[in-house]
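Visitor: I should like to understand how the terms used for a protein model are justified. Could you take me through some of them?

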Amino acid sequence: MKKLIVSSLSLLLCVTSYCQDLGEKYRDNPSAALSDARKSFSAGDYERTVKLFKIYQALSGNNEDTDILIKAQKCNASIESANQYESQGDIIEAINFYKDVLSINPND
């Protein structure tokens, strides 16, 4: 149990550090975070898209272009659902969720 708690805390610290490093990278130019978020979305990296968009919002105080954030969050949710159905052996339902991702981001 102690190993699990220590591992979880270590992972949390690593993720926090990674996000802070990303924030430092864009501190002087928040618009670059938005630009990179758009590129990440086009590339299908939805987790990075959400992180970059939130960094952009925090640094710029601007909540425009929320469409990208919403789409990335929907894609993440659909991929998670697809993976869940796929692991249960329901390939047809998994394919339907993957189709949802493609309808949101045809570049994926």
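Guide: The following exchange sets values against definitions.

Guide: This is a predicted model, in which local features need pLDDT of at least 70, side-chain atom pairs count only at pLDDT 80 or more, and totals for chains, interfaces and linings use all residues. Residues are numbered from 1 along each chain as its sequence is written, and side-chain values use heavy atoms, with hydrogens and water left out.

Visitor: Why is Asn105 called buried?

Guide: Buried means under 20% relative accessible area, exposed over 50%, and partly exposed in between (1.4 Å probe, protein chains only). Asn105 has 2% relative accessibility, and therefore counts as buried.

Visitor: Which residues does Asn105 touch, not counting residues up to four places away in sequence?

Guide: Contact means heavy atoms within 4.5 Å. On that basis Asn105 touches Phe41, Ser42, Gly44 and Tyr46. The side chain of Asn105 also reaches the backbone oxygen of Phe41, at 2.6 Å.

Visitor: Why does Ile91 count as partly exposed?

Guide: The relative accessibility of Ile91 is 43%, so Ile91 counts as partly exposed. Ile91 is found in helix H5, which covers residues 91–104; helices (H or I, at least four residues) and strands (E, at least two) are DSSP runs, numbered from the N terminus.

Visitor: How many helices and strands does the protein have?

Guide: The protein has five helices and zero strands, and its pattern along the sequence reads α-α-α-α-α.

Visitor: What share of the protein's residues is buried?

Guide: Of the 108 residues in the protein, 29% are buried.

Terms used. A polar contact is a pair of N or O atoms within 3.5 Å; within protein, one must be able to donate a hydrogen and the other to accept it, and residues adjacent in sequence count only if both atoms are side-chain atoms.
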